[in-house]
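Subject: Structure handover

Hello,

Here is the structure I promised to pass on. Please open it next to this message.

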Amino acid sequence: MISAVYPGSFDPMTLGHLDVIRRASKMFDHLTVSVLDNKAKNALFSVEERVSILEEATRELPNVEVDSFNGLLIDYARQKDIHISVRGLRAITDFEYELQIAQTNRKLSDGKLDTVFLTTSLEYAYLSSSSVKEIASFHGDISQCVPAFVAKLVYEKYGRIDE
């Protein structure tokens, strides 16, 4: 059985993330989507909320599990006996950043963690969690960026409950 992990902040999960999850779930026997608990970031949603959101969004994908971790991805992957990390790429700037992380993970894991890059589908190439939060903070329309139930939760975080 070939397993992979798709790590990320997912704050909030976007349609771009969901696209990568769906596509990766077809490539691997088992996909663990794992929320990074990064204490250095000021997240909109708690780790528990992000896990719950991802579980709801992926409930129809039987080979997808949602989890969370803190610390290094290589340690988490070793504990789960996972040897493939999935990362989404929107632009060349993402590639430069992600390539360095992939190479570092491979080196620090003694070659036991490889990274597979999936280019984002064109309709989601503009999306980022940061832009979703910024648009929502100004009460803009994020309905084309996240699933409807996620939009409602994001708006609630910004004090907008009419959505």
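Below is what came out of it, starting with the pocket and then moving to two helices and one aspartate.

Note first that this is a predicted model.

The pocket

The largest pocket holds about 1200 Å³ of space. Its lining counts 42 residues, and G8, S9, R87, Y97 and E98 are the closest to its centre. Five elements give two or more residues each to that lining: the strands β1 (3-8) and β4 (84-89), and the helices α1 (15-27), α4 (92-108) and α5 (129-137). Helix α4 provides the largest share, with nine residues. By residue class, the lining has 18 polar, 16 nonpolar and eight charged members.

Helix α4

This one has 17 residues. From first C-alpha to last, α4 reaches 24 Å, close to the 24 Å expected at 1.5 Å a residue. Its buried residues are D94, E98, A102 and N105. What do they pack against? The partners are α3 (73-80), β4 and β5 (114-119). The spacing of the buried set fits a general rule: an α-helix has 3.6 residues a turn, so residues three or four places apart point the same way. E98 has two roles here: it is buried in α4, and it is among the residues closest to the pocket centre. Just after the helix, D110 takes a positive phi of about 55°.

Helix α1

Does the length of α1 agree or disagree with expectation? It agrees, because 13 residues at 1.5 Å each should span 18 Å, and the end C-alpha atoms of α1 are 19 Å apart. T14 caps the N-terminal end: one of its side-chain oxygens lies 3.2 Å from the backbone nitrogen of G16. The buried residues of α1 are L15, G16, H17, L18, D19, V20, I21, A24 and S25.

D19

Look at this residue in particular. D19 sits in helix α1. Is D19 buried or exposed? It counts as buried, because its relative accessibility is 12% and the cut-off is under 20%. Its side chain makes a polar contact of 2.8 Å with the side chain of S121. Leaving aside neighbours within four places in sequence, D19 is in contact with T120, S121 and Y124. S121 therefore appears twice, as a contact of D19 and as its polar partner.

Best wishes

Methods. Residues numbered from 1 in each chain as written. Predicted model: local features only at pLDDT ≥ 70, side-chain atom pairs only at ≥ 80, totals over all residues. Heavy atoms only, no water. 1 Å grid on protein atoms, 1.4 Å probe; cavity = no way out; pocket = protein on both sides within 12 Å on 5 of 7 lines; lining within 4 Å. Points joined across faces, edges and corners; volume = space filled by probe spheres on them. Helix = DSSP H or I, 4+ residues; strand = E, 2+ residues; numbered from the N terminus. Nonpolar A, V, L, I, M, F, W, Y, C, P; charged D, E, K, R; others polar. Buried < 20%, exposed > 50% of the residue type's maximum accessible area, 1.4 Å probe, protein only. Polar contact = N/O pair within 3.5 Å; in protein donor to acceptor, adjacent residues only side chain to side chain. Contact = heavy atoms within 4.5 Å. Expected span 1.5 Å × (residues − 1).
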